[in-house]
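Here is a short briefing for a first look at a structure. Please keep the sequence and the 3D view at hand while reading.

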Amino acid sequence: MVEKFSLLSHVEKHLAAVALAQAQEWLRRQVTVQNVIDCIDGWLDDAGGIDEGLMTEHGRWLARSDREALAFPEELYWAAFYLTGSPH
C-alpha cells in the first residue's frame, strides 16, 4: 500500500489525503491473492531467493486455492495508515 500511496502522491501528484484514501481503497477492493503472490515473487527475485521469512510467507500465500479472492478486504489491513502533518 505504501508503494501505491507513493505513486499516487508523488508521481501522479494527488493530494496526500486523497492518495492515502485511494491507496486504501485499492488495497481493500482490488488486490487479489494472486497479486500478492506475484509481488512476493518479485521480492524473492530481488533478494536472490534467500530470504527465509519471505519464502515462508510466499508458501503460505501459494497454499491458498482462492487466487482471485481479495487479499485484504478487512479494515485491520489498511485502516492503521494515517497522515500527520500537511495534507498536501
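**Salt bridges and overall build**

The structure holds four salt bridges. The model is a predicted one. Its protein chain has four helices and zero strands. Three of the salt bridges are described below, E25 with R29, E75 with R28, and E57 with R60.

**The chain as a whole**

- Along the sequence, the protein chain reads α-α-α-α.
- The C-alpha trace spans about 40 × 25 × 20 Å along its principal axes.
- Of the 88 residues in the protein chain, 26% are buried.
- Take the contacts between residues at least 6 apart in sequence: 62% of these join residues at least 24 apart.

**Salt bridge within α2**

- E25 and R29 join their side chains in a salt bridge, at 2.4 Å from N to O.
- Why are E25 and R29 separated by about one helical turn? Because they sit four residues apart in helix α2, which covers residues 16–29.
- In general, residues three or four places apart on an α-helix point the same way, because the helix has 3.6 residues a turn.
- E25 has 36% relative accessibility, so this residue counts as partly exposed.

**Salt bridge within α4**

- E57 pairs with R60 in a salt bridge, with 2.5 Å from N to O.
- The two residues are three apart in helix α4, so about one helical turn separates E57 from R60.
- E57 is partly exposed, because its relative accessible area is 29%.
- R60 is also partly exposed, with a relative accessible area of 47%.

**Salt bridge between distant parts of the sequence**

- R28 and E75 form a salt bridge, and their closest N and O atoms are 3.9 Å apart.
- E75 belongs to the segment after α4 and R28 to helix α2, so this pair ties together parts that lie 47 residues apart in sequence.
- E75 has a relative accessible area of 43%, so this residue is partly exposed.
- R28, at 25% relative accessibility, counts as partly exposed.
- As a general point, side chains of opposite charge can pair when their charged atoms come close.

**How α1 meets α2**

- At what angle do α1 and α2 pack? The angle is about 145 degrees, and the axes are 8 Å apart.
- The crossing of α1 past α2 is right-handed.
- From α1, the residues making the contact are K4, F5, L8 and S9.
- From α2, they are A16, A19, L20, Q22, A23 and W26.
- Sorted by class, this contact of α1 with α2 has seven nonpolar residues, two polar and one charged.

**S9 in α1**

- S9 sits in helix α1, which runs over residues 2–11.
- Is S9 buried or exposed? S9 counts as buried, because its relative accessibility is 11%, and the cut-off for buried is under 20%.
- Beyond its neighbours within four places in sequence, S9 touches H14 and A19.
- A19 is also one of the α2 residues in the contact between α1 and α2.

**The two sides of α4**

- Which residues of α4 are buried? L54, H58 and W61 are.
- These buried residues span an arc of only 60 degrees around the axis, so they lie on the same side of α4.
- E52 and T56, on the other side of α4, are exposed.
- The cover over the buried residues of α4 includes α3, residues 33–46.

**Y77 after the last helix**

- Y77 is placed in the segment after α4, a helix that covers residues 52–62.
- Y77 counts as partly exposed, because its relative accessibility is 37%.
- Outside its neighbours within four places in sequence, Y77 has contacts with L27, A71 and F72.
- How far apart are the C-alpha atoms of Y77 and W43? They are separated by 20 Å, and the two residues are 34 apart along the chain.

Methods:
Residues numbered from 1 in each chain as written. Predicted model: local features only at pLDDT ≥ 70, side-chain atom pairs only at ≥ 80, totals over all residues. Heavy atoms only, no water. Buried < 20%, exposed > 50% of the residue type's maximum accessible area, 1.4 Å probe, protein only. Contact = heavy atoms within 4.5 Å. Axes fitted to C-alpha atoms, helices over the stretch in contact; angles between N-to-C directions. Left-handed = near helix turned anticlockwise from the far one by under 90°. Nonpolar A, V, L, I, M, F, W, Y, C, P; charged D, E, K, R; others polar. Arc of directions from axis to C-beta.
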